[in-house]
Amino acid sequence: MLRLLRTTEGRIVLLALALGSLALGISIRNSMERQQPAVAAQSAVDRSALSQMERAFESIAEEVEPAVVSIQATRVERSSEPRSRRFFFRFPDDEFFAPFRDFFRRFEQFEMEPGPFVDRSSGSGFIVRAEGKTAYILTNEHVVGGATRVKVRFGDDERNEFPATIVGTDTKTDIAVLKITLDQPVPPNRVAKLGDSSTVRVGQWAIAIGNPLGVGQTLTVGVVSAKNREVNGVQGIRSYRDMIQTDASINPGNSGGPLVDIQGRVIGINTAIASPIGVSVGIGFAIPINTAKAVLDSLIKTGTVTRGWLGVETASSNRELSPELAEYYGVKAGALVDRVTPGGPADRAGIQAEDVIIQWGDKPIRNF
């Protein structure tokens, strides 16, 4: 009797579980059937958004690439003495790279035999101005500086190659202007649209176009990683200020090419990378296009850039006033004057060491 009772109870329990599972299954199925249209609709919206983004990048390529050129520069050096040549990349001092440091530094410098030496380098550039059949191209000074012969090519077609003349260079900003003459008037789509780098924001899209490693015209996509970067000793020879940092892939050969925003407007000139091995690791730097605008007209008109000077020096560590110094001088921010050149403009104006410059005209000054 007890065994029968238990068996009956067990059957009742199993029957209840079965009915409950069936009801739950029906409920889940009905819920899934109700959700499927919503999921499908959301998926369609997501694909549509991705397609729109894809079309945006496609339109940027179609709009900007015609203005971008590949540059080949040749330098002939003559010497009767053995010389050393250095590769242009900077090995980081970070301990993470310590195991590789000795290996790569053995290649940083080598001896060359005396006599003529032909050095060829490649880079990128883009047309910024056109006058009839004449096109003016913006690039980096370190791409063409000292070159005895420069050639410019549109796209990957050797038939679209033209000899170029160096109009002017400016080592201080690492900017150069070239000039080429086409067979016919320069079409409007060959001229790049320049943006305003002062409006660039961290996190916005950044698209780099150029000729990396000589493989041909290439487009890479990333974001603006940082602004106002100061980079010292990049490529072993230069220091830069106020750079735009991006993770869009930039490699040797990209130098001089445009960095553009999602509207296809040029916001910077791809110039340098920080890398332990000389190729992109996601840390690239571009000269703000507003810096180039400031010297472009002068280079085209005179081939040189004439600058004013203050005769003021500031300590390199004075990127920002420390809270202690700001409190001591009674200011929120500014540039602390370290030294004043005797007889210079600042000296004649009455500026002294330990003054803090907090405003220039109507523009607030935050640091040196």
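In this predicted model, Leu 213 lies in the loop between strand 9 and strand 10. The phi angle of Leu 213 is near 55°, a positive value in a residue other than glycine. Most residues other than glycine have a negative phi. Leu 213 counts as exposed, its relative accessibility being 54%. A second case is Glu 354, whose phi is near 80°, again positive in a residue other than glycine. Glu 354 belongs to the loop between helix 6 and strand 18, and its relative accessibility of 52% places it in the exposed class, for which the cut-off is over 50%.

The loop between helix 6 (345-348) and strand 18 (356-357) also contains Ile 351. At 27% relative accessibility, Ile 351 counts as partly exposed. The C-alpha atom of Ile 351 is separated by 8.5 Å from that of Val 337, with the two positions 14 residues apart in chain numbering. Following Val 337 in the sequence numbering, Asp 338 and Arg 339 form a salt bridge, with 2.6 Å between the closest N and O atoms. Both partners are partly exposed: the relative accessible area is 33% for Asp 338 and 45% for Arg 339.

The interior was examined next. The largest nonpolar core comprises 30 residues, and those with the most contacts inside it are Phe 126, Leu 138, Ile 175, Val 177, Ile 269 and Ile 289. Helix 4 (residues 289-302) gives the most to this core, contributing six residues. Apart from this core lies another, of 19 residues, which includes Ala 135, Val 150, Ala 176 and Ile 180.

Helix 4 was considered in further detail. Its buried residues are Ile 289, Ala 292, Val 295, Leu 296, Leu 299 and Ile 300. An α-helix has 3.6 residues a turn, so residues three or four places apart point the same way. With 14 residues at 1.5 Å a residue, helix 4 should span 20 Å, and the end C-alpha atoms are 20 Å apart, which agrees. Helix 4 nevertheless bends by about 35° at Val 295, which is itself one of the buried residues of the helix. Just after helix 4, Gly 303 adopts a positive phi of about 80°.

On the surface, Met 53, Trp 205, Val 221 and Ile 262 make a nonpolar patch of about 300 Å². Met 53 is located in helix 1, whereas Val 221 is part of strand 10 (residues 218-234). Met 53 is partly exposed at 35% relative accessibility, and Val 221 is likewise partly exposed, with a relative accessible area of 35%. Met 53 and Ile 262 are 209 residues apart along the chain, yet their C-alpha atoms are separated by 9.5 Å.

Side chains of opposite charge can pair when their charged atoms come close. Eight salt bridges are present in the structure. One of these joins Lys 193 to Glu 63, the closest N and O atoms being 3.3 Å apart. Lys 193 lies in the loop between strand 8 (175-181) and strand 9 (205-210), and Glu 63 in helix 1 (residues 2-64), so the pair ties together parts that are 130 residues apart in sequence. The two partners fall into separate accessibility classes: Lys 193 is exposed, with a relative accessible area of 52%, while Glu 63 is partly exposed at 33%.

A further salt bridge connects the side chains of Glu 161 and Arg 153, with an N to O distance of 2.9 Å. Glu 161 is partly exposed at 28% relative accessibility, and so is Arg 153 at 23%. These two residues also belong to a network of salt bridges that links Lys 151, Arg 153 and Glu 161.

How values were computed: Residues are numbered from 1 along each chain as its sequence is written. This is a predicted model: local features need pLDDT of at least 70, side-chain atom pairs count only at pLDDT 80 or more; totals for chains, interfaces and linings use all residues. Side-chain values use heavy atoms; hydrogens and water are left out. A nonpolar core is a set of buried Ala, Val, Leu, Ile, Met, Phe, Trp, Tyr and Cys residues joined through side-chain atoms within 4.5 Å. Buried means under 20% relative accessible area, exposed over 50%, partly exposed in between (1.4 Å probe, protein chains only). Helices (H or I, at least four residues) and strands (E, at least two) are DSSP runs, numbered from the N terminus. The expected span of a helix is 1.5 Å times one less than its number of residues. The bend at a residue is the angle between axes fitted to the seven residues ending there and the seven starting there. Patches are made of residues with over 30% relative accessible area and no salt bridge: like charges are joined within 9 Å, nonpolar side chains (Val, Leu, Ile, Met, Phe, Trp, Tyr) within 5 Å. Accessible areas come from the Shrake-Rupley method with a 1.4 Å probe; for residues, only the protein chains shown count as cover. A salt bridge is a side-chain nitrogen of Lys or Arg within 4 Å of a carboxyl oxygen of Asp or Glu.
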